[in-house]
Amino acid sequence: MHYAFHFNVVWEHWRDLAEGAWLTIRLSALAMSFGLAVATVCAYAKAAGPAPVRWTVAAYVEAIRNTPFLVQIFIVYFSLPTLGISIDANEAALAAMVVNFGAYGTEILRAGIESIPHGQVEAARALGLSRLQTFVHVMLFPAVKTVYPALSSQFILLMLASSVVSTISAVELTAVTNSLQSTTFRPFEFYFVSTGIYLAMSLGFQAVFGAMYWVAFMRGPRGHRA
Amino acid sequence: MGKYLKHFALAFLAGASVMMAAQSASAENTLERILSAKKIRVAIDVANPPFGVLDKNSQPDGSDVAVARQLAKDLGAELEFVQVPSTGRIPALLAGRADVTIASISVTADRAKAVMYCNPNGALSITIFAPQSVKITTPADLVGKRVGITRATLEEATVPKMAPEGTKIVWFDDLASTTQALLSGQVDAVAMTAFAEKAVSDANPAKKLENKLLVTTAFYGPIVRQNDFELRQWINTWIFLNTRNGNLATIYKKYTGIDLPPLPTF
């Protein structure tokens, strides 16, 4: 078989690809921020909440971690309007990503929190720190430092998983790629370039996380403390 | 980290070079290979009623599937189905995963730049339909409405051109998602083949779906890779014979419920 590569078609559409990549970045970064907030609240509830709350959080985490992301997206996008809640494709994608990352993040933070020696927590309480202060300063901060690599790789997984939100018509990088390949009939060129863009975004985010780690943990008074 | 990056880059390059190598290694033509291997790989889309569906036993069925079965039988070759979504009908061919795509792929000038069409073996029309409550009587009524279409279909090639500015076109990857978007109210109307419309309407009588606009009528035919002239010629011969003996008309009538219009040739 013969196939002549024509990459000039791709450059003609670079603006569309850039817009798609930008939506992927925005969706992922927003989902990460909100998801981390969800995860922190859930991790606190799991570590210090009353039993019914702990069970609820456990049910949420297990339900999300043991079902496919695609199905979660379909449920948000196709079921909520049936219940009278209007939600567009980007909102549905973001909501599903937040819920998904929240569950994985809870589990990752729990592992970090469990690694904190109990004596350290008791010492903080004995020194007069409130429950919340103890959680934030004595448990959460060192826990995040411990599980930082797991959190950042979970984020990369989330960003790559965002490619499936094209199925509900959110116009992110994969959706743009699918549209362009189906209208220009140059699938290899577009999928190659799109793969390269995903790779670049992953490496870029890894660099950002590395820098954030350095800022948060490696310098200033906290760097010497934890 | 640096080491992983290097491995990744190497794997990526290796994959790319395998693909480059695959395209240069072909001494015998596709028809010769099919005949000597006694096997033909046909790309079909089984999410596109009534042309391609999965029956109760999850076996491929539909008019495209029936055509493919008869064609393979007359060719004396074992039939291997390559199931693809609508967006994969041309890529599967270009990637060499299939020898021919028989998936009601309408003849358009743009597609013919990427693949070669055999003579048409059927016809279809694209319509816009919506629940009774949605008022659409002329194309101008589409302004402000969300219209769902499926990627890599005839509707993707035609609806954006006929819809006036201000129409909110929403793209989905497969017919099932487009259909679900209409049923759940995520879009106001959808465009698909008149046959798919009938299947969706019959399955959801409570939605009171009705036909609003005819977008276009087109012929569809099998496609092969550029330069596979021998295979194309054999398929054209087969289409000629099966038009004459009524096989194509029988298959079309059985699955679509309407008579096959006279088929043009080119």
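Is the crossing of helix 3 of chain A and helix 5 of chain A left-handed or right-handed? We'll get to that straight away, with one caveat: this is a predicted model.

## Two helices in chain A

The crossing is left-handed. Helix 3 of chain A covers residues 51-65, and its axis comes within 9 Å of the axis of helix 5 of chain A, with the two crossing at roughly 115°.

Who does the touching? On the helix 3 side of chain A, the contact is made by V57(A), Y60(A), V61(A), I64(A) and R65(A). Helix 5 of chain A answers with V99(A), N100(A), A103(A), Y104(A), T106(A) and E107(A).

## The big nonpolar core

Helix 5 of chain A (residues 89-114) also turns up in the largest nonpolar core, giving the most to it with 14 residues. That core has 121 residues, and the members that touch the most other members are I73(A), A93(A), M97(A), V147(B) and A191(B). So both chains appear among those best-connected residues, as the names show.

Chain B's domains take part as well: the core draws at least three residues from each of domain 1 (28-121 + 221-256) and domain 2 (125-218) of chain B. As a general point, nonpolar side chains in soluble globular proteins tend to be buried together.

## Chain B at a glance

Chain B carries nine helices and 12 strands. Of its 266 residues, 46% count as buried. Take the contacts in chain B with a separation of 6 or more: 71% of them are accounted for by residues 24 or more positions apart.

## The sheet around strand 10

One open sheet in chain B has five strands in the order 9-8-10-7-11, with mixed pairing. Its edges are strand 9 (168-172) and strand 11 (209-220) of chain B, each pairing on one side only. Neighbouring strands here are turned by 25° against each other on average, ignoring direction.

Strand 10 of chain B sits between strands 8 and 7 in that order. Strand 10 spans residues 189-193 and is mostly covered, with five of its five residues buried. On one side, strand 7 (residues 122-131) of chain B pairs with strand 10 in the antiparallel sense over four bridges. Here T127(B) stands opposite M192(B), and F129(B) stands opposite V190(B). On the other side, strand 8 (residues 146-150) of chain B runs parallel to strand 10, joined by two bridges; V147(B) stands opposite A189(B).

## A191(B) and the helix across the strands

A191(B), one of the well-connected core members, has plenty of company. Leaving out residues up to four places away in sequence, A191(B) touches I126(B), I128(B), V147(B), I149(B), E155(B), V159(B) and V215(B).

Helix 6 (residues 175-183) of chain B lies across strands 8, 9 and 10 of chain B, running at about 160° to strand 8.

## Where the chains meet

How many residues of chain A are in contact with chain B? There are 18 on the chain A side, and they are in contact with 24 residues of chain B. Helix 4 (69-79) and helix 8 (173-184) of chain A each supply at least two residues of the side that touches chain B. Helix 8 of chain A has the largest share of that side, at five residues.

Conventions: Residues numbered from 1 in each chain as written. Chains lettered and ligands numbered in written order. Predicted model: local features only at pLDDT ≥ 70, side-chain atom pairs only at ≥ 80, totals over all residues. Buried ≥ 20, exposed ≤ 12 C-beta atoms within 10 Å, placed from the backbone. Pairing = 2+ DSSP bridges. Axes fitted to C-alpha atoms, helices over the stretch in contact; angles between N-to-C directions. Contact = placed C-beta atoms within 7 Å. Core = buried A, V, L, I, M, F, W, Y, C linked by C-beta atoms within 7 Å. Domains from an automatic or database assignment. Left-handed = near helix turned anticlockwise from the far one by under 90°.
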